[in-house]
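Biologist: I have a model open on my screen and a pile of "how do you know that" questions. Can we go through them?

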Amino acid sequence: MSLSYAATVPRHLVHRRLPADVLLTDYETVDGTHRAAVQLQTSHRMFAPVRRTHDSLMVAEALRQAVSLFCHVTHGVPLDHVVFIEHFRFEILEPLSVDNIDDSLVAESITTDVTFDDASTDNVKLSARLLNGTQLVAFGTASVRSIGPEVYSAFRTASMADPHFRYLPAGTEVVEAAAVGRFDPSDVVLARHTSDGTLVVAPDPRNLAMFDHSVEYLPGVTMLEAARQALRLSTGVPELDFTSLEVRFMGFAEWSNPCSVIVDTASRDGVHRIQFEHNGAVLSAMSVTATSEPWLAPTERSSR
């Protein structure tokens with residue numbers, strides 16, 4: 001069976017509201033390997049290609065959508081369940097040029113473990129690789145917990161069910177856009193305390209390029225972008241982009257209770273560590289590698 005790139009998969013399978021934000025177009029399972037056709041956007045407000053090379057977080061979002069898709073269609077996770085990624089890791093091996101992908105990008109995934117805790121919760125571990133034709137360009141792993149409505153409501157109470165404004169704690173101001181590689185202040189997801197420079201995650205929910213549907217907590221991709229912006233700010237290099245990332249999510253980051261961001265700039269072997277905390281509790285921890293160098297060789301670069 002060959003995968004089709006003619007139309008997107010149903011948007012609810014990847015937890016997106018707008019079909020334009022769906023990056024998968026078809027899927028199949030052959031001999032235990034799940035395969036999804038991928039089309040990365042060539043124009044996006046937040047994750048636009050730079051020098052005609054796809055943004056690393058666009059690659060991460062494609063892998064996230066593949067995880068969501070196969071949890072629902074292969075493992076029978078109900079659509080009303082929260083697909084909570086507890087551990088996620090990816091590495092980009094080769095640049096993804098917007099000029100060298102012609103209906104050939106495929107995310108392949110293999111389920112490595114499934115455990116059932118009760119009727120409402122199960123854990124799925126998957127490994128994945130992203131292929132451009134026969135070339136391996138990225139790979140990753142994910143550990144996913146499916147949380148049913150009853151279990152979810154038992155341990156979590158929404159603090160701001162439908163945010164309509166950027167929540168800024170007293171004494172903070174939005175970080176300068178240019179310092180984190182952005183042009184529009186509404187694309188900045190960080191604020192800084194004017195007294196001591198402490199960073200907090202404070203995105204603008206009106207930025208529909210990042211929040212295409214209302215959620216009562218900050219999505220994982222927002223936390224990844226917050227980590228990238230924090231690394232750019234702390235290193236003074238606004239062009240940094242991830243080449244690899246490993247993250248563990250231990251809790252939900254809230255709209256109305258912004259968490260703090262701590263960046264370890266003393267990298268070891270090129271690895272930077274970024275941690276998100278709230279009231280002394282660690283919400284997520286990341287280890288990343290990044291580069292400010294263009295992915296493509298000089299002769300291949302666009303003039304943009």
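Modeller: Sure, what follows is a short run of questions and answers on this predicted model.

Biologist: Let's begin with the overall fold; what makes up the secondary structure of the chain?

Modeller: There are 3 helices and 13 strands in the chain.

Biologist: And how do you know whether the chain agrees with a compact globule or not?

Modeller: For 304 residues, the rule puts a compact globule near 19 Å in radius of gyration; the chain has 19 Å, so it agrees. Along the principal axes, the C-alpha atoms fill a box of roughly 60 × 55 × 35 Å. As for burial, 51% of the 304 residues count as buried.

Biologist: What about contacts between residues at least 6 apart in sequence: what share joins residues at least 24 apart?

Modeller: That share is 63%.

Biologist: How many disulfides does the chain have?

Modeller: The count is 0. A pair of cysteine sulfur atoms would have to lie within 2.5 Å to qualify.

Biologist: Take Cys-71, then: why is it called buried?

Modeller: Buried means under 20% relative accessible area. Cys-71 has 2%, so it counts as buried. Cys-259 also comes in at 2%, and therefore it is buried.

Biologist: Where is Val-200 found, and what is it in contact with?

Modeller: Val-200 belongs to strand E9, residues 199–201. Beyond its neighbours within four places in sequence, its contacts include Cys-259, Pro-169 and Val-189. Val-189 is 11 residues away along the chain, with 8.6 Å between the two C-alpha atoms.

Biologist: But with 8.6 Å between those C-alpha atoms, what makes Val-200 and Val-189 a contact?

Modeller: The cut-off is for heavy atoms within 4.5 Å, so a C-alpha separation doesn't settle it. By that rule Val-189 is on the contact list of Val-200.

Biologist: Is Val-200 buried or exposed, and why?

Modeller: Its relative accessibility is 5%, which is under the 20% cut-off, so Val-200 is buried.

Biologist: Now Asp-31: what is its phi, and why is it called exposed?

Modeller: Phi is near 50 degrees, a positive value in a residue other than glycine. Most residues other than glycine have a negative phi. Asp-31 lies in the loop between E1 and strand E2. Its relative accessibility is 80%, over the 50% cut-off, so it counts as exposed.

Biologist: And what makes His-15 "partly exposed"?

Modeller: His-15 has 24%, which falls between the 20% and 50% cut-offs, so partly exposed is the label. His-15 sits in the segment before strand E1, and its phi is positive too, near 55 degrees.

Notes:
Residues are numbered from 1 along each chain as its sequence is written. This is a predicted model: local features need pLDDT of at least 70, side-chain atom pairs count only at pLDDT 80 or more; totals for chains, interfaces and linings use all residues. Side-chain values use heavy atoms; hydrogens and water are left out. Helices (H or I, at least four residues) and strands (E, at least two) are DSSP runs, numbered from the N terminus. The radius of gyration is taken over C-alpha atoms; the globule rule is 2.2 Å times the number of residues to the power 0.38. Buried means under 20% relative accessible area, exposed over 50%, partly exposed in between (1.4 Å probe, protein chains only).
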